[in-house]
Amino acid sequence: MYSSIKKKRTVLILGASSDIGVAVVKKFVNSGWYVLAHGYTNVNVLKSKNRLNENIEIFKADLSDKRHLKQLIKKIKKKKIDSFINMTGFLNNKNFIQSDLKSKIKTMTVNVMNVLNIIINSILK
């Protein structure tokens, strides 16, 4: 039997506290999605722009910190996520090619490996 009640879809947005991230969150919320928004820097901007909205949960986590990563995965693992957007971005204000090995490893860990960790351990669970 067809139900006229539509289930709200959930999107996980990593890196949602940048200017672009805030705009993407707003677009999804205004389109009727429930948003799980992650940020680390500028999270207060994201919170202030959405303080009265019940269709958003905001998670602060430094994706270069293993403890933060584990806590984030634990929190979002309980959610049913329909869609995923990654806008994380760590770069050491240098050209990637010219940066030292330690900076390259941190960049790849935050922008690729830990994002994959989140996908594997919370979305594909």
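**A helix and the cores around it**

The buried residues of α4 are covered by elements that include β1, α3 and β4 (83-86). This is a predicted model. Seen from α4, the residues under that cover are Ser103, Thr107, Val110, Asn114, Val115, Ile118 and Ser122.

Now follow the helix itself. It bends by about 45 degrees at Thr109. How far apart are the end C-alpha atoms of α4? They are 31 Å apart. With 23 residues at 1.5 Å each, α4 should span 33 Å, so the two values agree.

Next comes the interior. Nonpolar side chains tend to be buried together in soluble globular proteins. Here the largest nonpolar core has 14 residues. Leu12, Leu14, Leu63, Leu72, Ile76 and Ile118 touch the most other members. Three elements give two or more residues to this core: β1 (10-14), α3 (66-76) and α4 (101-123). The biggest share, four residues, comes from α3.

Take Leu63 from that core. Leaving aside residues up to four places away in sequence, Leu63 touches His38, Leu69, Leu72, Thr88, Val110, Asn114 and Ile118. Val110, Asn114 and Ile118 are also among the buried residues of α4.

Apart from this core lies another. It has 13 residues, including Ile13, Ala16, Phe28 and Val29.

Phe28 leads to one more feature. The structure holds one aromatic pair. Phe28 and Trp33 form it, edge-to-face, with 5.2 Å from centre to centre and 80 degrees between the planes. Are these two rings' residues buried or exposed? Phe28 counts as buried because its relative accessibility is 18%, under the 20% cut-off. Trp33, at 11%, counts as buried too.

Conventions:
Residues are numbered from 1 along each chain as its sequence is written. This is a predicted model: local features need pLDDT of at least 70, side-chain atom pairs count only at pLDDT 80 or more; totals for chains, interfaces and linings use all residues. Side-chain values use heavy atoms; hydrogens and water are left out. A nonpolar core is a set of buried Ala, Val, Leu, Ile, Met, Phe, Trp, Tyr and Cys residues joined through side-chain atoms within 4.5 Å. Buried means under 20% relative accessible area, exposed over 50%, partly exposed in between (1.4 Å probe, protein chains only). Contact means heavy atoms within 4.5 Å. The expected span of a helix is 1.5 Å times one less than its number of residues. The bend at a residue is the angle between axes fitted to the seven residues ending there and the seven starting there. Rings of Phe, Tyr and Trp (its six-membered ring) pair if their centres lie within 6.5 Å; planes under 30 degrees apart count as stacked, over 60 as edge-to-face and the rest as tilted.
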